[in-house]
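This report describes selected helices, internal spaces and backbone features of one protein model. The sequence and the structure are shown first, and the description follows.

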Amino acid sequence: MSDRTPLLIHNATVITLDATNRILERGALLVEGEQIAAVGASAELLAAYPTAEHWDAQGMLLMPGMICAHTHFYGAFARGMYIPGPAAKDFPEILEKLWWRLDKALSIEGVELSAEVCLADAIRNGCTTLIDHHASQRAIDGSLDAIAGAVERAGLRAVLCYEVTDRDGADAARAGIAENVRFLRRTQAGPLHERIAATFGLHASMTLSDATLEACRSESDKFHVHVAEHPADEFDSLARCGKRTVERLHGFGITGPQSIMAHCIHIDAWETALLRETGTWVAHQPRSNMNNAVGAAAVESMLRGGMKVVLGNDGFSNDMFAEMKVADLLQKLAHGDPRSLGADKVCQMALRNNRALVGQFFAQPVGVLQPGALADLILLDYYPITPLSAENLPWQILFGISGGHVHSTMAHGQLLMRNRTLLTMDEAAIAERSRAAARATWERYWAMFA
Ligand SMILES: [Zn+2]
């Protein structure tokens, strides 16, 4: 518990997202230490907690902080970067020309700055928990500590891992395993911050040998891996062992109720059934999928089967409201039917399923405004021009609310942004250092084409 004075945010439109799914007009919420202590009517809470610090929210929306189920902090320096030669024609070429070279060009300092840039963006957009998947193949050892340090200073909540791969040889694969193992032990043993958790990262089946997968299975019971983002991953698996990607990974114990499989676009019916049987999480990243032209995952069908589909951003902006909009648009376009998916199902993924996933990594709930939940919350100066109710909230979110409405952000009871001023990070200083580190990273990247 912290020794901060309890904070009573009152005169807010409180979106609880709890079991009763209420929207409280002139509602209030009491923050005590790192958690929410009370939620109710402003008049009642003001009378009950006269000595708390009072903050008049002037009718702003108060809702749980957003959650990103799959991201890559390390991709920040790709912004505006020139990629030599002809444009990549498909996803395997994008990996080979862009990501597998950029990740080798990063130094530990670059890793840390990439993370800081993304974390500042996350605070601005009200995204308070991020599940990151990291690669920096020439700076593996200690990379997760560098990211954890940035997360700790930013004040956000994160789940970290290193993406093990054989694409740069056996030594780098071993180093990746060691980084995951070391960091997992560090989060389990303390004294690492309670806002930071870990899982075990794997790049993708198509860059992992049987021997490496075998080595990984003995180290963890929870994994975070890319699956069938492109047909290449499926055909690689079939060529290796006659099994499809999910079946191959299942054989190595990678599926399961604590594992996250990102994308799952090109899986077949039997792989889908296997993910459902094993209770594996499926992370959907529609903006990235559209950018890479890799297709549309069958998320509506998966949701219909009660599968645990969550929403990530794959390193795009941390405006999860934008990702939610695109999730809906992609399904409508892909199916040629405006009835596809819909805002309610998008909210099922992005709000309820994302928080259930994060709930597996932390002792107390997040993503809900109720007593006992961790105080991860945002205030938005969104004043709806049409009636707002719990029933139509999904459509208000999809057609009205954006990350630009986020006025203030709190995580773990600590204010990280108030009235659009960042309180834990110096954005101008980060941008200046980031520009210098990005230039040096780009030089190393371009040298790989020489
Ligand atoms: Zn990814």
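## Helices, cavity and pocket

The buried residues of α5 pack against α4 (143-154), β8 (157-160), β9 (196-198), β10 (200-204) and α6 (210-217). The model is a predicted one. Those buried positions of α5 are Ala172, Ala173, Gly176, Ile177, Glu179, Asn180, Val181, Phe183 and Leu184. Helix α5 itself spans residues 170-189, which makes 20 residues, and its first and last C-alpha atoms lie 28 Å apart, close to the 28 Å expected at 1.5 Å a residue.

One of the partners of α5, helix α4, contains Glu152. Glu152 is partly exposed, because its relative accessible area of 35% falls between the limits for buried, under 20%, and exposed, over 50%. Beyond its neighbours within four places in sequence, Glu152 is in contact with His193, Arg195 and Ile196. Glu152 and Thr424 are separated by 272 residues in sequence, yet their C-alpha atoms are 9.9 Å apart in space.

Helix α7 (residues 231-241) buries Asp233, Glu234 and Ser237. These residues lie on the same side of α7, because they cover an arc of only 100° around the axis. The face turned away from that buried side carries Phe235 and Ala239, which are exposed. The packing partners of the buried residues of α7 are β10, β11 (223-227), α8 (245-251) and α9 (269-278). Strand β10 thus appears among the partners of α5 and among those of α7. Just after α7, Gly242 adopts a positive phi of about 75°.

Rolling a probe the size of a water molecule over the atoms shows where empty space is left. In this model, the count comes to 1 cavity of 30 Å³ or more. The table sets the largest cavity beside the second largest pocket.

| Space | Volume | Leading contributor to the lining | Lining by class |
|---|---|---|---|
| Largest cavity | About 60 Å³ | α13, 3 residues | 7 nonpolar, 2 polar, 1 charged residues |
| Second largest pocket | About 170 Å³ | α9, 4 residues | 10 nonpolar, 3 polar, 1 charged residues |

The largest cavity is lined by Leu17, Met63, Pro64, Gly65, Met66, Ile67, Ala350, Leu351, Arg355 and Gly367. Two or more of its lining residues come from each of β5 (61-64), β6 (66-71) and α13 (343-359).

The second largest pocket has 14 lining residues, and those nearest its centre are Thr272, Ala298, Ser301, Met302 and Met307. The elements giving two or more residues to this lining are α9 and α11 (299-304). Helix α9 therefore has two roles here: it supplies the pocket with 4 lining residues, and α9 also packs against the buried residues of α7.

Two loop residues call for a remark on backbone geometry. Most residues other than glycine have a negative phi, and most peptide bonds are trans. Leu17, although not a glycine, has a positive phi of about 50°. Leu17 sits in the loop between β1 (7-15) and β2 (23-32), and is one of the residues lining the largest cavity. With a relative accessible area of 4%, Leu17 is buried.

Gln58 likewise is not a glycine and has a positive phi of about 50°. Its place is the loop between β4 (53-56) and β5. Gln58 is exposed, with a relative accessible area of 57%, whereas Leu17 is buried.

Definitions and conventions:
Residues numbered from 1 in each chain as written. Predicted model: local features only at pLDDT ≥ 70, side-chain atom pairs only at ≥ 80, totals over all residues. Heavy atoms only, no water. 1 Å grid on protein atoms, 1.4 Å probe; cavity = no way out; pocket = protein on both sides within 12 Å on 5 of 7 lines; lining within 4 Å. Points joined across faces, edges and corners; volume = space filled by probe spheres on them. Nonpolar A, V, L, I, M, F, W, Y, C, P; charged D, E, K, R; others polar. Expected span 1.5 Å × (residues − 1). Buried < 20%, exposed > 50% of the residue type's maximum accessible area, 1.4 Å probe, protein only. Contact = heavy atoms within 4.5 Å. Arc of directions from axis to C-beta.
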